[in-house]
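Student: Please take me through this model; I have not seen it before.

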Amino acid sequence: WQLIVGWSFIFTWSVYGFEAAACYIGECREPLKDAKISLTLSGLFGFFIYVGIPVMMLSVLGNTGIKALHTTGDAQVVFGAYVEAIVGSRTVLTLLLGMVLVANL
């Protein structure tokens, strides 16, 4: 149940983004044209966040890297390995990017 409630919370925030794009579209100069652009970009951003990032993580870390999150229970270990695989072992940059990814959970 924790998993379902946690993902429901995340999906709720993505709905707020769509709602904001739809509510404030009337204040644009050309609402009909801008509505298509803003809602399409909002949908593409949501697709990237919920599909693109997990696919990239799985392709970089592999199945064993993802299982390490359940084994250790520490997201910093998994995201640290993910960032190290992408940018190399630069400790400050790896730590900063890993912290940003963990904060966005």
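**Contacts and overall fold**

Student: Which residues does serine 42 touch, leaving out residues up to four places away in sequence?
Tutor: Serine 42 touches Gly17 and Phe18, where contact means heavy atoms within 4.5 Å. This is a predicted model, in which local features need pLDDT (the predictor's confidence in each residue, from 0 to 100) of at least 70 and side-chain atom pairs count only at pLDDT 80 or more, while totals for chains, interfaces and linings use all residues. Residues are numbered from 1 along each chain as its sequence is written, and side-chain values use heavy atoms, with hydrogens and water left out.

Student: Where does serine 42 lie, and is serine 42 buried or exposed?
Tutor: Serine 42 lies in helix 2, which spans residues 31–72. Serine 42 counts as buried because its relative accessibility is 18%; buried means under 20%, exposed over 50% and partly exposed in between, with a 1.4 Å probe and protein chains only.

Student: What about serine 38?
Tutor: Serine 38 is also placed in helix 2, but at 22% relative accessibility serine 38 counts as partly exposed. Not counting residues up to four places away in sequence, serine 38 touches Ala21 and Ile25. From C-alpha to C-alpha, serine 38 and phenylalanine 18 are 8.7 Å apart in space, although 20 residues separate them in sequence.

Student: How many helices and strands does the chain have?
Tutor: The chain has four helices and zero strands, running α-α-α-α from the N terminus. Helices (H or I, at least four residues) and strands (E, at least two) are DSSP runs, numbered from the N terminus.

Student: How much of the chain is buried?
Tutor: Buried residues make up 15% of the 105 residues. The accessible surface comes to about 8000 Å², and 71% of it belongs to carbon and sulfur atoms. Such areas come from the Shrake-Rupley method with a 1.4 Å probe, and for residues only the protein chains shown count as cover.

Student: Which residues form a nonpolar patch on the surface?
Tutor: Phe45, Phe48, Ile49 and Met56 form such a patch, with about 370 Å² of accessible area together. Patches are made of residues with over 30% relative accessible area and no salt bridge, joining like charges within 9 Å and nonpolar side chains (Val, Leu, Ile, Met, Phe, Trp, Tyr) within 5 Å. A salt bridge is a side-chain nitrogen of Lys or Arg within 4 Å of a carboxyl oxygen of Asp or Glu. Phenylalanine 45 is found in helix 2 and is exposed, since its relative accessible area is 54%.

Student: Let us move along helix 2 to valine 60. What does valine 60 touch, not counting residues up to four places away in sequence?
Tutor: Valine 60 touches Tyr82 and Ala85. Valine 60 is partly exposed, with a relative accessible area of 36%. The C-alpha atoms of valine 60 and isoleucine 86 are separated by 7.9 Å, with their positions 26 residues apart along the chain.

Student: And where is serine 89?
Tutor: Serine 89 is in the loop between helix 3 (75–87) and helix 4. Serine 89 is exposed, at 63% relative accessible area, and touches Glu84 and Thr94, not counting residues up to four places away in sequence.

Student: New topic: how many disulfides are there?
Tutor: The count comes to zero disulfides, a disulfide being a pair of cysteine sulfur atoms within 2.5 Å. Cysteine 23 is exposed at 53% relative accessible area, whereas cysteine 28 is partly exposed at 32%.

Student: Last point: where is confidence lowest, and where is it highest?
Tutor: Confidence is lowest in helix 4 (residues 91–103), at a mean of 71, and highest in helix 2, at 79. The chain averages a pLDDT of 75, and 80% of the residues score at least 70.
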